[in-house]
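Work through the exercises below with the sequence and the model open. Each task is followed by a solution in steps.

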Amino acid sequence: MKPMTLLTALAFGAFAAAPTLAQRSPLPPPEPIQHITGNVYKIFGGGGNTLVLVQKAGVVLIDTKMPGNGQAILDQVRTVTDKPITTIINTHSHPDHIGSTDFIREKYPNVQVISSENTKTEIAGNPMYKAGVLPNVTYKDRMTLGKGKERIELYYFGPAHTTGDTFVVVPSAHLLFMGDVMAWDMAPFLPSGGASVLPVALEKLVSTVKGVDIVVEGHGHVNNWKGLERFTRFNRALLTAARAAYDRGDAPGTAVAELQKNPEFAPLLDTKIKKGLEYGNTPLARAHMNVNVAFQEFAGERVTTANGAPLPATDKHKGSDPKDTAPPPPPAA
Ligand SMILES: [Zn+2]
Ligand SMILES: [Zn+2]
């Protein structure tokens, strides 16, 4: 299954109608809740990571996975607290992050559902979504929730992975949740953000937020501040290399070859599929995808490559090798 088909399925919540994808590469189901630090827990699987903050008055959930995982999330929360869910923060509009918001809201009708304004606009603009996933509280650039040890800061630094990505900081835990701007420690999908704006948002994040040690990615890893700094340098270097290759009239692959010369970036250009991302791309393929996106942005073209389609050759740029972004071979039976 091509990454493009996967993202289309994700964007329209169409997993039930995509048996081929489900048979070949199902999303891993939610795993047992994992303690990160203090009152902060994480639930992996079933879509994006769900972060769980147990506070005095109740539980704050950040992201709610694909539809159909609401009960599994609540069951896992119940293993650490019997407090009610009071707040859901949705980092962005994708169904693997907001999918079970409506289920949880039916159980806890007073829950605050918070996102950035642009995320609400993206959700409201998708006819496939149920009304129950729409936020009832939005913010523009910055929002503070709670006080003292329970303070949570929400930041929007402009488009990156989407047009509305929220970064969540829990100062008392020295912790930052990245959403899909940083997931699996590889170049992110850019379905509605962009290659040129991504490093700008990351650099604003790194220069604004202080005192963070633990960086939780939108899928997969718990990383750290140094990992985020490297990731930010990588996405800036990718854009710089893409620009240079574009200006020379070289193929986009030459920009990735340039990145490969820097040993610091080797883990972000790995050629193996990550555990839990069997449905997705290798880190190297993602880097190629984002260079292709950058080329189309430089040329002022409509971006057709964000989901892995090869870059067509035009009078403005050379095309890409389809092998660069090809999906991984099916797993051996
Ligand atoms: Zn995601
Ligand atoms: Zn996403």
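**Exercise 1.** Determine whether His-174 is buried, partly exposed or exposed.

Solution. Step 1: count neighbours; His-174 has 17 other C-beta atoms within 10 Å. Step 2: apply the cut-offs, by which a residue is buried with 20 or more other C-beta atoms within 10 Å of its own, exposed with 12 or fewer, and partly exposed in between, C-beta atoms being placed from the backbone. His-174 is therefore partly exposed. Step 3: locate the residue; His-174 sits in the loop between E10 and strand E11 (175-177). Helices (H or I, at least four residues) and strands (E, at least two) are DSSP runs, numbered from the N terminus. Step 4: check the backbone; the phi of His-174 is positive, about 55°, although the residue is not a glycine.

This is a predicted model, in which local features need pLDDT of at least 70, side-chain atom pairs count only at pLDDT 80 or more, and totals for chains, interfaces and linings use all residues. Residues are numbered from 1 along each chain as its sequence is written, while chains are lettered from A and ligands numbered from 1 in the order in which they are written.

**Exercise 2.** Do the same for Trp-184: is this residue buried or exposed?

Solution. Step 1: Trp-184 has 22 other C-beta atoms within 10 Å, so it is buried. Step 2: its place is the loop between E11 and H7. Step 3: Trp-184 also has a positive phi, about 65°, without being a glycine.

**Exercise 3.** Find which residues of helix H7 (residues 198-208) are buried and what covers them.

Solution. Step 1: the buried residues are Leu-198, Pro-199, Ala-201, Leu-202 and Leu-205. Step 2: they lie on the same side of H7, because they cover an arc of only 160° around the axis, the arc being that of the directions from the helix axis to the C-beta atoms. Step 3: the cover includes strand E9 (152-156), strand E10 (166-170) and helix H8 (225-248).

**Exercise 4.** Describe the open sheet that starts with E1 in its strand order.

Solution. Step 1: seven strands follow the order E1-E2-E3-E4-E5-E6-E7, with mixed pairing; two strands pair if DSSP finds at least two bridges between them. Step 2: strand E1 (34-37) and strand E7 (137-139) are the edges; each has a single partner strand, so one side of each is left without a neighbour in the sheet. Step 3: inside the sheet, strand E3 (residues 50-54) and strand E4 (residues 59-62) run antiparallel and are joined by four bridges. Leu-51 has Ile-62 in E4 as its bridge partner.

Notes: Two residues are in contact if their C-beta atoms, placed from the backbone, lie within 7 Å.
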